[in-house]
Amino acid sequence: MKAVCWYGAHDVRVETVPDPEILNPRDAIIKISSTAICGSDIHLYDGYIPTMKKGDILGHEFMGEVVEVGKGVDNLKKGDRVVVPFTIACGHCFFCERQMWSLCDNSNPNAWLAESLYGHSAAGLFGYSHIYGGYAGGQAQYVRVPFADVGPIKVPDNLTDEQALFLSDIFPTGYMAAENCQIQPGDTVAVWGCGPVGQFAIQSAYLLGAERVIAIDRFPERLQMAKEQSKAEVINYEGQDVVELLKQATGGRGPDACIDAVGLEAHGTSIGATMDKIKQQVHLGTDRPHVLRQAIQACRKGGTVSLPGVYGGYLDKVPFGAAFAKGLTFKMGQTHVHRYLRPLLNRIQEGEIDPSFVITHRMTLEDAPHAYDIFKHKEDNCIKVILKPNA
Ligand SMILES: [Zn+2]
Ligand SMILES: [Zn+2]
């Protein structure tokens, strides 16, 4: 089959690789109809995530048709059309039973790697390095889906791929970020970052009852999408004192909740060196928590800072004193995608949201190297790319 393979920083290639096979009874093989490139793929593309190996297949946002199931999968059959969560979860461990799917104890065969860095390992992820399990991703014609009896959800015929695909990650991720804000009627929510996750966070905040959402970015096309599609008030942060503007916009009180949908821009630059070094050099900041600092500073007293943006290592000069003095609540982590599949599918079917609005580019799998390039550099007003591997 054809697949998008990682070969190093800024080097992805479309190669012919062996087809995936059923390895365990709870596996399924999916023929991919649509797959997307995600902002977090850019951390891999830039070479910042350790434990990538040459030839690794990328991609964690995908959907398609079931073509084979293992003996242990009795809820799916050949021909079913499904969308698959990017987090891999067993469904039966302590964490899965408590709906904390992205913290599954059983889905990362390389857990020891993550334990050495974080104390414990979270769930395995598709196409996201060997520290997250080394699973082949879905920017390919086919993919093996482990624990297929608990992950994939069937997509009704009346929804298009473009409407359903983002249930795999960015819609639930934006939604969980908003849900973590515990929005009350009348609340104002500020969202840093108007990429796809930021857009879904804005729309989800409204779905959950926010009165106002103020979105912050610097790319005109993203601010425009936030304003026109997601109905946010917008701030272009260039040359602006964002904290002061947010104060002014909220009668001096500050937003009730602040969502950091940016995360570390230079994801794990220093993690890339070696994980051991990081463990030793604990005084070294590894991420650039600029947005987090602003969010803490801007948030109203007693408010919530919600972090869907990814952080990887040690953060320097985070104003923890301000967070304490203001009694802030922090909520963060990888999305418990499985928890949101059914409720968000229902919201799409009810017409409350059409996730396809974020798509700016539609390409073939062969276009992937170019797609990564324009997506990374935000060229051609690129906000979200989908690829059609079997078109
Ligand atoms: Zn993603
Ligand atoms: Zn589990």
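Good morning. Of the 391 residues in this chain, 56% are buried. I should say at once that the model before you is a predicted one.

Let me begin with the chain as a whole. Its secondary structure amounts to 13 helices and 18 strands. For 391 residues, a compact globule would be expected to have a radius of gyration near 21 Å, and the chain, at 20 Å, agrees with that. Taken along the principal axes, the C-alpha atoms fill a box of roughly 60 × 50 × 45 Å. The contacts also tell us how the chain is arranged: among those with a separation of 6 or more, 73% are between residues 24 or more positions apart. As for the surface, the chain exposes about 16,300 Å², and carbon and sulfur atoms supply 49% of that area.

I turn now to the sheets. As a general reminder, strands of a sheet pair through backbone hydrogen bonds, either parallel or antiparallel.

In what order do the 6 strands of the parallel open sheet stand? The order is 13-12-11-14-15-16. Strand 13, residues 233-236, and strand 16, residues 329-332, are at the edges; each has a single partner strand, and so one side of each is left without a neighbour in the sheet. From one strand to the next, the twist averages 20 degrees.

Helix 6, residues 196-207, packs on this sheet and touches strand 11 (188-192), strand 12 (212-217) and strand 14. The direction of helix 6 makes about 170 degrees with that of strand 12.

Please look next at strand 11. Strand 11 is mostly covered, with 5 of its 5 residues buried. Which of these residues point one way, and which the other way? T188, A190 and W192 point one way, while V189 and V191 point the other way, and all are buried. Strand 11 runs parallel to strand 12, and 5 bridges join the two. One residue to locate here is T188, whose bridge partner in strand 12 is R212.

Elsewhere in the sheet, strand 14 (residues 257-260) pairs with strand 15 (residues 304-307) in the parallel sense, over 3 bridges. Within that pair, A257 of strand 14 stands opposite T304 of strand 15.

There is also an open sheet of 3 strands, in the order 2-1-4, and here the pairing is antiparallel. Its edges are strand 2 (11-16) and strand 4 (56-57); each has a single partner strand, so one side of each is left without a neighbour in the sheet. Strand 1, residues 2-8, runs antiparallel to strand 2 and is joined to strand 2 by 6 bridges. Among the residues involved is G8, whose bridge partner in strand 2 is D11. Helix 13, residues 368-376, packs on this sheet, where it touches strand 1 and strand 2. The direction of helix 13 makes about 160 degrees with that of strand 2.

My last topic is the salt bridges. How many does the structure hold? The structure holds 14 salt bridges, and I shall take some of them in turn.

K77, D80 and K154 are linked in a network of salt bridges. Within this network, D80 forms a salt bridge with K77, and the closest N and O atoms are 3.3 Å apart. Are these two residues buried or exposed? D80 has a relative accessibility of 8%, so D80 counts as buried. K77, in contrast, counts as exposed because its relative accessibility is 52%.

The next salt bridge is between R81 and D161, with the closest N and O atoms 2.9 Å apart. R81 lies in strand 6 (residues 81-84) and D161 in helix 4 (residues 161-164); the pair therefore ties together parts that are 80 residues apart in sequence. R81 is partly exposed, with a relative accessible area of 22%, whereas D161, at 11% relative accessibility, counts as buried.

Helix 4 also contributes E162, whose side chain meets that of R362 in a salt bridge of 2.7 Å, N to O. This pair links distant parts of the chain, since R362 belongs to strand 17 (residues 361-364), and the two residues are 200 residues apart. R362 is exposed, with a relative accessible area of 51%.

That concludes my presentation. Thank you.

Terms used. Residues numbered from 1 in each chain as written. Chains lettered and ligands numbered in written order. Predicted model: local features only at pLDDT ≥ 70, side-chain atom pairs only at ≥ 80, totals over all residues. Heavy atoms only, no water. Pairing = 2+ DSSP bridges. Helix = DSSP H or I, 4+ residues; strand = E, 2+ residues; numbered from the N terminus. Contact = heavy atoms within 4.5 Å. Axes fitted to C-alpha atoms, helices over the stretch in contact; angles between N-to-C directions. Rg over C-alpha atoms; globule rule 2.2 N^0.38 Å. Buried < 20%, exposed > 50% of the residue type's maximum accessible area, 1.4 Å probe, protein only. Areas by Shrake-Rupley, 256 points an atom, 1.4 Å probe, with all protein chains shown as cover. Salt bridge = Lys/Arg side-chain N within 4 Å of Asp/Glu carboxyl O.
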